[in-house]
Amino acid sequence: MKHALLFLAAAIAPAQILDPAKLLQPPTDTWATYNGDYSGRRFSPLKQIHTKNVAAMTLAWTYRINTGPGGGGGFGSSIKATPIVVKGVMYFATPDHAWAIDARNGRELWHYTTPTKGGIHIGNRGFGMYGDWLYFETPDNHLVSLNARDGKERWKIEIADVKQEYFSTPAPVVIRNHVIVGVGGDSLDVPGYLESRDPETGAVKWRWNTTPRPGEPGAETWPNKDAMEHGGGMTRMPGTYDPELNLYYLGTGNPNPVMAGQGRMGDNLWTCSIVALNADTGKMVWYFQPSPHDTHDWDAVQTPVLIDGVIDGKPRKLLAQASRNGYYFLLDRVTGKRLVTKPFIPVNWTKGIDAKGQPIPDPKKEPQPDGSLVAPSSNGGTNWPPPSFSPDTGLLYVQTQSSWSIYYLTDTEGKPQGWGGRDQMLTARSALKAIDYRTGDVKWSHEYPGRGFGMPGVLSTAGGLVFTGDPSGNFIAYDAAAGKPLWHSRLTTAVSNGPMTYEMDGRQYVVVAAGDTLYGFAMMASWK
Amino acid sequence: MQFHRFRSLFHFSPPRFASSRITLAALLTVSFAAAQEPPAPPPRPAGAKPSAPAKPSFLISRPVPAAEMAERGQKLYVAQCGFCHGTNATGGTQGPDLVRSVIALRDDNGELIGPVIRKGVPDKGVPPFASMTDVQIREIAAFLRSRQQAAINRGQYKIQNVVTGDAAQGQAFFARNCAGCHSPAGDLKGIAARLDPVALQARFLYPVTRTFGRGPAVPAGKPTMVTVTAGTRVLKGRLEYVDSFSVSLRDEHGDYHSFALDVPNPPKVDIQDPLAGHEALLPKYTDADMHNVLTYLVTLK
């Protein structure tokens, strides 16, 4: 009898919700990670919606979040997460809140909320998923594991100390039985790190520090132990992963003190770097540093996009980043060797490019007590919103800003603290740019009228389309090859996340967030 | 680091001309300001302790100590601790930095630093201050918190002297590049009496409406005008809105007109941006030019 019961229990136990094999496939009926898959391309093979019929794409549903009074922690309730979709259910999060909704019609299935101990409530990128379990991070630096079926909390574990001014925003990345978590917070010079956590218990499996300790490689790029220990380098964005090489690629944050570099002379490794880590050990295999000795808040956390391309007639494993400092970089992702370094907006802060292909910062363009005039502003040539790469066009689509700031050094002490400076933005112009991955040349650009900028991510599809937002609140579908807008819809506010797409019942949906609302678009007319 | 976000809200105010951005940015600025507005304090029963003041910034997520408590703590600190740890608590020749000390950061009201102060750290040469009272320890904790928050709150960092150039060279640059639109005896008369040098520096480079959220609002200059030609119909007025798909204006009677641009024969749109000259100059300044022009403008009191 006992055996029979056990057998019965086993027989009716449901299959785990996320099949791990889905993590290794291009996103179609499933969008299982922040970037849709491990490559960071945000390219969907779906093509039901395409250049010839997108004009008829229409609103299928909306879902507006309600985080209650004060729920935005001073930032309003803006959805910056890219939702994940698994077996017809969509999961997404904002600071201290998480939801599951029906991906077919936007109906709420559950809403989880957790009390906070503080931390800057600026944003949350959403979930990672392992089987039946969801993982997200909170502004007070807890990794929360929820049951995807009902949103019930399984555990909530502290990964960083909010009292030291850490706050956490990234979406965890699940690789086999590693839940890779990062931390954020550059107010008061704390050191950054990346950890693998156990999906069942949350225990640390490995940890990689973004700044060396005395005697370790990279320590020669810092003046002393104190500077390394207060050197910053946050891990605030999800990385990408090559399963064949078993390498996890991550862009790291800016060094601290943020704008006062006089107490940390040197390149300040491994801040503002693209690093390749062994996914099972966390050991660094190679690095490339887009911004040595950064003093402009230009972190290098922008998605390291994995491209399987062709260079000089040979197939190559490549990695592209349009970096916040205004430069496009193309690297060999096996070795980290640089192939292309090219600005995609006007920049005036470098003295040239070194032998490794890294920009050489001009000390005169560091923040000065009486101001230095620099392009771009601290918001950068681009920022955290994810770009997209289409293998069909060979173009990397990047939301860009051409901008100027006056950078002031306010702390002239030998050992400054915090930011030690600030910048006054003057003006900015936004454009969506399509960059040829092989050369860094801008093949087409759609410039938005007026000044200012938005923070929209980008999606491209096999339907020959690129989806993104503009600074005015439009959600736009472009012809991926030529850059012509083919469709648009003006939402209640500017697009605030990376758009994503999935297929259900033979129908392709495109979902985007603008502020507190998710919008689901599809071809809603009946078709045969 | 994490931009998304907020620096745009307090560093970057929308230029006063109408643009695709203005509605959004203005809304964001307003809602942000509203979010920071301290709520009205509830009525306090007689004899109750005053509550901590409202947080001064979104960057500050912990209670702000009362100023008078932090000041008393500063006096105690400077007298007892400053010799080794530095008068600003950033560390001295003998004692470490206390602003970024993990113990001081984890401390809330003296419960962690109190035992260290009272017992001392004999192997590191820190003497015990056994007679320090609980109140005094809380005051020192309040002082250290205020130092931490001063380092965190970059919105309040003070900019040093920016008037470092050569006025004569600045005047010559002005004559070559700016005098076509501006005159020291006309629109710029007394500009330096209305704007402090930091605000003036940002505004002459690009006339943003606010500088670090401070300084008086400057009277609106010329509006951005637009001419829309739709077939034989020509409409002129103040630009109210433009994006990739539509444009709108107010005519001289105050009537509103808007036009679709994503149509087979879109109207012709000619925007006359009075700030185009400022934008075109940005790539041409050396930092010396910037300092020289400011030093000249500062003489226009």
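**Entry 1. Contact between the chains**

I began with the contact between the two chains, which draws on 69 residues of chain B and 79 residues of chain A. The model is a predicted one. For the area buried between chain B and chain A I obtained about 6200 Å². Carbon and sulfur atoms give 56% of that area.

I then looked up polar pairing across the contact. Between chain B and chain A there are 23 residue pairs in polar contact, both residues being at pLDDT 80 or more. I next asked which elements of chain B contribute to its side of the contact. Those giving two or more residues are helix 1 (6-11), helix 2 (22-36), helix 5 (102-106), helix 7 (134-152), helix 10 (197-205), strand 2 (233-242), helix 11 (276-281) and helix 12 (287-297) of chain B. Helix 1 of chain B supplies the largest share, five residues. Sorted by class, the side of chain B that touches chain A holds 35 nonpolar, 18 polar and 16 charged residues.

**Entry 2. Helix 12 of chain B**

I examined helix 12 of chain B separately, as one of the elements that give two or more residues to the side touching chain A. Ten of its eleven residues are buried, so the helix is largely enclosed by the rest of the structure. The buried residues are B:Asp287, B:Asp289, B:Met290, B:His291, B:Asn292, B:Val293, B:Leu294, B:Thr295, B:Tyr296 and B:Leu297.

What do the buried residues of helix 12 of chain B pack against? In chain A, I found strand 25 (372-374) and strand 27 (395-409) as partners. In chain B, the partners are helix 8 (167-177), helix 9 (191-194) and helix 10.

**Entry 3. Salt bridges across the interface**

I counted six salt bridges across the interface of chain B and chain A. For the whole structure, over all chains, the search finds 31.

I inspected the pair A:Asp189 and B:Arg100, whose closest N and O atoms are 2.5 Å apart. B:Arg100 also meets B:Asp97 in a salt bridge, at 3.0 Å from N to O. I checked the exposure of both chain B residues. B:Arg100 is buried, with a relative accessible area of 7%, and B:Asp97 is likewise counted as buried at 10%. I traced the connections further and recorded a network of salt bridges linking A:Asp189, A:Asp226, A:Lys415, B:Asp97 and B:Arg100.

**Entry 4. Salt bridges within chain A**

I looked up the pair A:Glu195 and A:Arg197, whose side chains form a salt bridge at 2.7 Å, N to O. A:Glu195 is buried at 3% relative accessible area, and A:Arg197 counts as buried at 7%.

I turned to A:Arg333 and A:Asp308, a salt bridge with the closest N and O atoms 2.7 Å apart. A:Arg333 sits in the loop between strand 21 (327-332) and strand 22 (338-343) of chain A, and A:Asp308 in strand 19 (residues 305-311), so the pair ties together parts 25 residues apart in sequence. Is each partner buried or exposed? A:Arg333 counts as buried, at 3% relative accessibility, whereas A:Asp308 counts as exposed, at 60%.

**Entry 5. A:Arg324**

I located A:Arg324 in the loop between strand 20 (314-322) and strand 21 of chain A. Its relative accessibility is 0%, and A:Arg324 therefore counts as buried, the cut-off being under 20%. I then asked what the side chain of A:Arg324 reaches. The backbone oxygen of A:Asp297 lies at 3.0 Å from that side chain. A polar contact of 3.1 Å also joins the side chains of A:Arg324 and A:Asp299.

**Entry 6. Nonpolar cores**

I closed with the nonpolar cores. Nonpolar side chains tend to be buried together in soluble globular proteins. The largest core here has 37 residues, and the members touching the most others are A:Met57, A:Trp61, A:Met90, A:Phe92, A:Phe475, A:Tyr502 and A:Leu518. Elements giving two or more residues to this core include strand 2 (58-64), strand 4 (89-94), strand 32 (474-479) and strand 36 (517-522) of chain A. Strand 35 of chain A gives the most, six residues.

I listed the contacts of A:Phe92, leaving aside neighbours within four places in sequence. They are A:Tyr63, A:Ile65, A:Ile79, A:Ala81, A:Pro83, A:Ala98, A:Trp99, A:Ile101, A:Phe127 and A:Leu518. Apart from the largest core I noted another, of 35 residues, among them A:Ala32, A:Ala148, A:Ile180 and A:Leu277.

Conventions:
Residues are numbered from 1 along each chain as its sequence is written. Chains are lettered from A and ligands numbered from 1 in the order in which they are written. This is a predicted model: local features need pLDDT of at least 70, side-chain atom pairs count only at pLDDT 80 or more; totals for chains, interfaces and linings use all residues. Side-chain values use heavy atoms; hydrogens and water are left out. Contact means heavy atoms within 4.5 Å. Buried area is the accessible area (1.4 Å probe) that two parts lose on being put together, summed over both. A salt bridge is a side-chain nitrogen of Lys or Arg within 4 Å of a carboxyl oxygen of Asp or Glu. A polar contact is a pair of N or O atoms within 3.5 Å; within protein, one must be able to donate a hydrogen and the other to accept it, and residues adjacent in sequence count only if both atoms are side-chain atoms. Helices (H or I, at least four residues) and strands (E, at least two) are DSSP runs, numbered from the N terminus. Ala, Val, Leu, Ile, Met, Phe, Trp, Tyr, Cys and Pro count as nonpolar, Asp, Glu, Lys and Arg as charged, and the others, Gly among them, as polar. Buried means under 20% relative accessible area, exposed over 50%, partly exposed in between (1.4 Å probe, protein chains only). A nonpolar core is a set of buried Ala, Val, Leu, Ile, Met, Phe, Trp, Tyr and Cys residues joined through side-chain atoms within 4.5 Å.
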